[in-house]
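Biologist: I should like to go through this structure with you, one question at a time. Please set out the reasoning behind each answer.

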Amino acid sequence: MTTAVLIVAAGRGTRAGGEIPKQWQLLRGKPVLAHTLAAFAGMRIVLAIHPDDRARAAALAPDIPLVEGGATRAQSVKNALEALEGTGVTKVLIHDGARPLVSRALIARLEAALDAHPGAAPALAVTDALWRGEAGLVSGTQSRDGLYRAQTPQAFRFAEILAAHRAHPGNAADDVEVARAAGLDVAIVEGDEDNLKLTFPGDFARAGRLLEGRTMDVRMGNGYDVHAFTAGDHVWLCGVKVPHDKALLGHSDADVGMHALTDAIYGAMAMGDIGRHFPPSDPQWKGAASHIFLAHAANMVREKGYVISNCDVTLVCERPKIGPHAHTMQQELARIMGVEPGRVSVKATTSERLGFTGREEGIASIATCVLVRA
């Protein structure tokens, strides 16, 4: 995955009250940070934490890399950015751990904005009248024209924001301040009223009501595909080139497993099948690599505000043997879709020598995918 999510959770959050930092306080039975992590499920995450919280962070998110934060938010971000250098990340979303209600639609808007700008951040225009105060009395007014309430995640091209943090002299209110100090343009993206930051005790009650009001939206789709054998010396299965004494016949690369999975994703979204999005009558798709189709389907999932909860692919054939390649197939499908490998299953079965697969005339594949509203 070339986009990483950096969640900052090293602060102490004393204004929220309670005996433990706000990101570890319970919200509808789970730590606030658990809700925040769930909002980015399937994405590559790095968590910046206070050293005192290492044990609870490891228990909450055993598969997520932990980076020790610094004395300031800016230092925590810089530490995590340094840890990501050299890992292939090209974009980074920097998010406050105490904002548990970020939506996938907002994330998609930010990622899209980075195609045209080195930075992008969500904000809401100020609509209330603004006063200045002194000694408890209104001492003046302030124009609200051009004023915005800033939110996170704040998104940047990785190399630029890392260089900006390295050059910054010290503390900053947020990463937009760091970026602008380095001369980077930051696009304003439409924010979300529900994307509140938990700061005071009353914020927890509001967040709890918002979570309660969100209805669970789970969608499931299935896909089925068949390709016949033809002359050749390898087959493409789930993105992996497998040596074989035959090849699979098809308009594209005939990756039967990836085709079934792509159709399962389209089906879960009620968006038809591969043929609707990539018509075989269009010569540009002749011989195309099937990862193009799968990546398109996975991107549509994110754009529509869903995440891939899990998917399961079964290949039906006598030969080639799938077992030695199943792990690599799992990793490749996960990479293409931008999800954790643990959310992808690849397995195989035979048809007990019955039917066209039993006669080794071709390969069939069945796939199932579950999507959950983010």
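Biologist: Let us begin with the charged side chains. How many salt bridges does the structure hold?

Modeller: Please bear in mind that this is a predicted model. A pair counts as a salt bridge when a side-chain nitrogen of Lys or Arg is within 4 Å of a carboxyl oxygen of Asp or Glu. By that criterion, the number of salt bridges in the structure is 20.

Biologist: How many residues apart in sequence are the parts tied together by glutamate 193 and arginine 149?

Modeller: These two residues form a salt bridge, with their closest N and O atoms 2.9 Å apart. Glutamate 193 is partly exposed at 42% relative accessibility, and arginine 149 is partly exposed at 40%. Glutamate 193 belongs to the loop between β12 and α7, whereas arginine 149 belongs to strand β10, so the pair ties together parts whose separation in sequence is 44 residues.

Biologist: Which strands are tied together by lysine 347 and aspartate 312?

Modeller: Lysine 347 and aspartate 312 form a salt bridge, and their closest N and O atoms are 2.6 Å apart. Lysine 347 is partly exposed, at 37% relative accessibility, and aspartate 312 is partly exposed as well, at 24%. The two residues are 35 apart in sequence, and the strands that they tie together are β18 and β17.

Biologist: Is glutamate 360 buried or exposed?

Modeller: Glutamate 360 meets arginine 319 in a salt bridge, at 3.0 Å from N to O. The pair links distant parts of the chain, 41 residues apart: arginine 319 is in the loop between β17 and α11, and glutamate 360 is in the loop between α12 and β19. Arginine 319 is partly exposed at 33%. The relative accessible area of glutamate 360 is 15%, and a residue under 20% counts as buried, so glutamate 360 is buried.

Biologist: Which residues are linked in a network of salt bridges?

Modeller: Here the salt bridges join into a network. Its members are Arg73, Asp96, Arg99, Asp175 and Lys197.

Biologist: Let us turn to the strands. Which side chains of strand β14 point to one face and are buried?

Modeller: Strand β14 covers residues 234–237, and its side chains alternate between two faces. His234 and Trp236 point to one of these faces and are not buried. The side chains that point to the other face and are buried are those of Val235 and Leu237.

Biologist: What is the bridge partner of leucine 237 in β15?

Modeller: Strands β14 and β15 run antiparallel and are joined by four bridges. In β15, the partner of leucine 237 is valine 240.

Biologist: Which residue of the hairpin of β14 and β15 takes a positive phi?

Modeller: This hairpin has two residues between its strands. A positive phi near 55° is taken by cysteine 238.

Biologist: Why is cysteine 311 not bonded to cysteine 369?

Modeller: A search of the whole structure finds zero disulfides. Cysteine 238 is in none, and its nearest cysteine sulfur, in cysteine 311, is 9.5 Å away. Cysteine 238 is buried at 0% relative accessible area, and cysteine 311 is buried at 2%. A disulfide requires sulfur atoms within 2.5 Å, and the sulfur of cysteine 311 is too far from that of cysteine 369 for a bond because the distance is 5.4 Å.

Biologist: Which element supplies the largest share of the largest nonpolar core?

Modeller: This core has 46 residues, and those touching the most other members include Leu237, Leu261 and Ile265. Several elements each supply at least two residues, among them β14, β15, α8 and α11. The largest share, eight residues, comes from α8.

Biologist: Which residues make the nonpolar surface patch of about 280 Å²?

Modeller: One member of the patch, tyrosine 224, lies in strand β13, which covers residues 218–231. Together, the patch is made by Tyr224, Val226 and Ile366.

Biologist: Finally, what percentage of the residues of the protein chain count as buried?

Modeller: The protein chain has 12 helices and 19 strands. Its C-alpha atoms fill a box of roughly 90 × 40 × 40 Å along the principal axes. Of its 374 residues, the share that count as buried is 49%.

Note on methods
Residues numbered from 1 in each chain as written. Predicted model: local features only at pLDDT ≥ 70, side-chain atom pairs only at ≥ 80, totals over all residues. Heavy atoms only, no water. Patch = residues over 30% accessible without salt bridge, like charges linked within 9 Å, V, L, I, M, F, W, Y side chains within 5 Å. Areas by Shrake-Rupley, 256 points an atom, 1.4 Å probe, with all protein chains shown as cover. Buried < 20%, exposed > 50% of the residue type's maximum accessible area, 1.4 Å probe, protein only. Pairing = 2+ DSSP bridges. Core = buried A, V, L, I, M, F, W, Y, C linked by side-chain atoms within 4.5 Å.
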